[in-house]
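Student: I've got a protein open on my screen and I'm not sure where to start. Can we go through it together?

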Amino acid sequence: MTTYRLDGKKIAVVVADGFEQSEFQKPVNALRDAGAEVTVISTNEQEVKGWSDHNWGASILVDLPIGNATCDDYDGLLLPGGVMNPDTLRQDQDVVDFVRDFFDQGKPVAAICHGPQLLIEADVVEDRKLTSYPSIRTDLENAGAEWVDEEVVVDQGLVTSRSPADIPAFNAKMVEEFAEGIHSGQHA
């Protein structure tokens with residue numbers, strides 16, 4: 001089995017209040033363990049609060065407000081899920097533009113659970129194969145995606161998974177795709 005390294009890679013993680021704690025912490029740990037530099041970007045300016053076990057979770061510090069973020073500074077993008085998180089993020093045009101820029105530049109993106117809702121708003125799911133939490137299947141299909149019920153799906157640099165139960169497979173494919181870098185088929 002190949003071990004992929006992300007030394008020298010900069011990864012953006014975009015979150016709002018209500019992000020699923022495990023879908024943030026475990027992937028971020030995997031990225032850092034692989035050598036990546038991770039930047040937490042948010043619509044909040046100082047800190048953002050997670051969601052864990054049907055209750056508010058821990059707060060984490062925001063490294064950069066979305067208004068100061070540019071895709072050019074990063075090699076990959078992680079979008080954790082949670083019900084509230086992507087719903088808040090998709091209403092912010094700066095976030096939507098930031099996400100779309102990763103696709104325009106062919107940079108890898110990883111989204112888990114409800115995270116792909118943000119991809120719908122960025123208009124980047126048409127003709128792509130992906131997965132998500134089952135409750136947003138119809139939304140993704142209506143946006144032109146081919147939805148499948150698998151623990152992890154990779155489509156030209158886009159990595160998606162269904163839920164926290166899929167995190168080990170999600171992390172492995174996310175690190176692999178981020179290590180591979182630019183994907184010519186990854187476009188908006």
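Tutor: Sure, and keep in mind that this is a predicted model. Let's begin with a helix.

Student: Okay, how far does helix H6 reach from its first C-alpha to its last?

Tutor: H6 covers residues 167–180, which makes 14 residues. At 1.5 Å a residue, you'd expect a span of 20 Å. The model comes close to that, with a reach of 20 Å.

Student: Which strands and helix do the buried residues of H6 pack against?

Tutor: Start with who is buried: the list includes Ile-167, Phe-170, Met-174 and Phe-178. Polar and charged names turn up too, among them Asn-171 and Glu-177. The buried residues of H6 pack against strands E1, E7, E8, E11 and E12, plus helix H1.

Student: And what is the phi of Gly-181, just after H6?

Tutor: Look at where the helix stops, at residue 180. Gly-181 comes just after, and its phi is positive, at about 85°.

Student: His-183 is in the segment after H6, so is it buried or exposed?

Tutor: Buried means under 20% relative accessible area. His-183 has 10%, so it falls under that cut-off. Its contacts beyond four places in sequence are Gly-106, Pro-108, Gln-156, Gly-157 and Glu-177. So the word for His-183 is buried.

Student: How far apart in space are His-183 and Gln-105?

Tutor: Along the sequence, 78 residues separate the two. In space, C-alpha to C-alpha, His-183 and Gln-105 are 8.6 Å apart.

Student: Gln-156 was on the contact list of His-183. What is the phi of Gln-156?

Tutor: Find Gln-156 in the loop between E11 and E12. Its relative accessible area is 42%, so it counts as partly exposed. It isn't a glycine, yet its phi is positive, near 50°.

Student: Where is Cys-113, the other one with a positive phi that I picked out?

Tutor: Cys-113 is also a residue other than glycine, and its phi is near 65°. With 7% relative accessibility, it counts as buried. Its place is the loop between E8 and H4.

Student: Which element gives the largest share of the largest nonpolar core?

Tutor: The core has 31 residues, and those touching the most other members are Ile-41, Leu-77, Leu-79, Phe-98, Val-99 and Leu-119. Elements giving two or more residues are E1, E7, H3, E8 and H4. The largest share is six residues, and it comes from H3.

Student: Which residue of H6 does Leu-77 touch?

Tutor: Leaving out residues up to four places away in sequence, Leu-77 touches residues including Ile-11, Phe-98 and Val-109. H6 runs from 167 to 180, and one name on the contact list of Leu-77 falls in that range: Phe-178.

Student: What is the relative accessibility of Gly-76?

Tutor: Gly-76 sits in strand E7. Among its contacts are Lys-10, Phe-102 and Phe-178. Gly-76 counts as buried because its relative accessibility is 0%.

Student: Last one: how many of the residues lining the largest pocket are charged?

Tutor: The largest pocket holds about 240 Å³ of space. Of its 13 lining residues, the closest to the centre are Glu-20, Trp-51, Asp-53, His-54 and Val-83. The lining divides into six nonpolar, four polar and, for the charged ones, three.

Technical notes. Residues numbered from 1 in each chain as written. Predicted model: local features only at pLDDT ≥ 70, side-chain atom pairs only at ≥ 80, totals over all residues. Heavy atoms only, no water. Helix = DSSP H or I, 4+ residues; strand = E, 2+ residues; numbered from the N terminus. Expected span 1.5 Å × (residues − 1). Buried < 20%, exposed > 50% of the residue type's maximum accessible area, 1.4 Å probe, protein only. Contact = heavy atoms within 4.5 Å. 1 Å grid on protein atoms, 1.4 Å probe; cavity = no way out; pocket = protein on both sides within 12 Å on 5 of 7 lines; lining within 4 Å. Points joined across faces, edges and corners; volume = space filled by probe spheres on them. Nonpolar A, V, L, I, M, F, W, Y, C, P; charged D, E, K, R; others polar. Core = buried A, V, L, I, M, F, W, Y, C linked by side-chain atoms within 4.5 Å.
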